Amino acid sequence: MSSASYSEARSTESLMAPAGTFLFMAMFLFLWISIDPFVDLTGEAILDPSAGNSSRLNQIISLALFAGTLCYGVLHPMRNTILQPRVLLAVLFTWFLLVSVISAHPTLGIKGVVLSVMMAVNAGIYLLMPASERHFAKMLGIGTLIMLAVAYYGILFKPLLAIHQASELREPMNAGLWRGHFPHKNSAAAAMVIGAFFGFFVMNTWSRIAGIAIIALCCVFLVHTGGKTSTAMLPAILILAWLFEHAPFLRIPIAVGGVGLFNLFAVGSAVFIPLGEFISGLGIDATFTNRADIWRFAFSALAEHPLLGYGFRAFWQTEELVYSGGSVETWAVAAANGHNSYLDVALMTGFPGLILTLIWVILLPLRDISRIAPDREHSHLTRLFIRIWLYTIFHAGLETLFFEGGNLIWFTFMFALYGLHLQSSAVLTVDRQPVKRSTVAHA
């Protein structure tokens, strides 16, 4: 790039900085808090599968954010980095669209694919909005502190809506567990784990006091959610990420072998009785909190359509299942999803869709990480992306996260994928200012 072109690019970026900051914070708060926090889980509407948390205002804001983000990305000097690798993503979403069009519910599938593409575009542009690594940390820190303030506000002043109650219609057994402004304790627990990762990054890149506060508040909230898996995974992922960073020969065994074994022990224990008995003998809950029935049912359904699946969003809570009238003798027909991202992708898009997804979310990040230069390989930014990536690919074995339109974990995971690609391409700007030992107000 010539000096004139470089100056022009820097001038364009400086003019776009205010818009980038606004869009970054707006997207963060929209996903992490939403426009309708503190949902009442005691109402009968919560049992209606057709009643979602979307509304006309929610859709308008989603479209406005997408339009603003897309315009920002098109005008950005680094627009060529958006949505990489484009060939793989084009094949992946084309396949998703194809199996949806020929499914029993094409409208649901097409809508789901469009929303997924929009979210992928948003995530692909998200990391272009910060002016530097320090600016990125500052916005993450402020956004996370606002999210935590809302969550703790609910615990203190709206306990009936922020803490699970025995009067809830779906899962009264969760009474007393914290969920804050999130719809469920499990989603709150996952958010707190990601928030803690943000805290470590903020502590080392922007403000130590703000970072430590975020970590402490997230950990306290996480323990009170009762989310045993997420609580155990927080220290486990920190250890795995350290090994991943310092022992390159363990990277493939951790990412590929670890995820494979995790799914084998989880889903495999539900399908293969001897394996389930072995796991139970180790003192581990082989039902994985009553997910076993769902996985057995999902496997039997997948066996009938292994190549094309049932179409995007065209299986769980469709009319055939919800109103089966007891013709299927398992309560699993009423499940909201398969509680396993890999199984759900196969169920919706067949094994070709699963293979394409695995290439995108596991194999390509491994390749990108191997290409990161030594001076960035041990940076706080790379460490943040790797922690988010590792947590999500393991957590996906117990929850449905992949291609969930408005899911904050999926969005965060996607921008971590793009972040690893950008790190491998050496295009992120690093601010060399020292970390301030101060509060948010002094930074």
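## A partly exposed arginine with positive phi

Arg-313 has a relative accessible area of 25%, which makes it partly exposed. Its backbone is worth a look too: phi sits at about 65°, a positive value even though Arg-313 is not a glycine. You'll find Arg-313 in the loop between helix 12 (292-304) and helix 13 (319-322). Keep in mind while browsing that this is a predicted model.

His-339 tells a similar story. Phi of His-339 is near 55°, again positive in a residue other than glycine. His-339 belongs to the loop between helix 13 and helix 14 (341-371), and at 22% relative accessibility it counts as partly exposed.

## The overall picture

The protein chain has 17 helices and 0 strands. Of its 443 residues, 50% count as buried. The accessible surface of the protein chain comes to about 19800 Å², and carbon and sulfur atoms own 67% of that.

How much of the contact set comes from residues 24 or more positions apart? Taking contacts in the protein chain with a separation of 6 or more, such pairs account for 77%.

## Around Thr-400 and Glu-399

Back to His-339, this time as a partner. The side chain of Thr-400 reaches the backbone nitrogen of His-339 at 3.2 Å. That same side chain also makes a polar contact with the side chain of Asp-344, at 2.5 Å. Thr-400 is placed in the loop between helix 16 (380-395) and helix 17 (408-425), and it is buried, with a relative accessible area of 10%. Setting aside neighbours within four places in sequence, Thr-400 is in contact with Asn-337, Gly-338, His-339, Asn-340, Ser-341 and Asp-344.

Glu-399 lies in the loop between helix 16 and helix 17. Is Glu-399 buried or exposed? Its relative accessible area is 13%, so it is buried. With neighbours within four places left out, the contacts of Glu-399 are Asn-186, Arg-291, His-339, Asn-340 and Ser-341. For a C-alpha distance, try Glu-399 and Leu-343: they are 56 residues apart along the chain, and their C-alpha atoms are separated by 10.0 Å.

## Salt bridges

How many salt bridges does a search of the whole structure find? The count is 5. One of the pairs is Glu-245 with Arg-383, whose side chains meet at 2.8 Å, N to O. Glu-245 lies in helix 9 (residues 228-246) and Arg-383 in helix 16, so this pair ties together parts that are 138 residues apart in sequence. Glu-245 is buried, with a relative accessible area of 7%.

Then there's a pair within a single helix. Arg-296 forms a salt bridge with Asp-293, the closest N and O atoms being 2.6 Å apart. Both lie in helix 12, 3 residues apart, which is about one turn of the helix. Arg-296 is partly exposed at 37% relative accessible area, and Asp-293 is partly exposed at 30%. Another salt bridge joins the side chains of Arg-367 and Asp-368, at 3.3 Å, N to O. Here the arginine and the aspartate fall into separate classes: Arg-367 counts as partly exposed at 31% relative accessibility, whereas Asp-368 counts as buried at 5%.

## A nonpolar patch on the surface

Leu-97, Leu-98, Val-101, Ile-102, Ile-110, Val-114, Leu-307 and Leu-308 make a nonpolar surface patch of about 660 Å². The elements that give two or more residues to this patch are helix 3 and helix 4 (106-126). Helix 3 gives the most, with 3 residues. Leu-98 is found in helix 3, and at 45% relative accessibility it counts as partly exposed.

## Cysteines and a cis proline

How many disulfides turn up in a search of the whole structure? The answer is 0. Take Cys-219 as a case: the closest cysteine sulfur to its own is the one in Cys-218, and at 6.9 Å that is too far for a bond. The cut-off for a disulfide is a pair of cysteine sulfur atoms within 2.5 Å. Cys-219 counts as partly exposed, at 28% relative accessibility.

One last backbone detail for your omega checks: a cis peptide bond joins Gln-84 and Pro-85, with omega about -5°. Pro-85 lies in the loop between helix 2 (56-75) and helix 3 (86-101).

Technical notes
Residues numbered from 1 in each chain as written. Predicted model: local features only at pLDDT ≥ 70, side-chain atom pairs only at ≥ 80, totals over all residues. Heavy atoms only, no water. Helix = DSSP H or I, 4+ residues; strand = E, 2+ residues; numbered from the N terminus. Buried < 20%, exposed > 50% of the residue type's maximum accessible area, 1.4 Å probe, protein only. Polar contact = N/O pair within 3.5 Å; in protein donor to acceptor, adjacent residues only side chain to side chain. Contact = heavy atoms within 4.5 Å. Patch = residues over 30% accessible without salt bridge, like charges linked within 9 Å, V, L, I, M, F, W, Y side chains within 5 Å. Areas by Shrake-Rupley, 256 points an atom, 1.4 Å probe, with all protein chains shown as cover. Salt bridge = Lys/Arg side-chain N within 4 Å of Asp/Glu carboxyl O.
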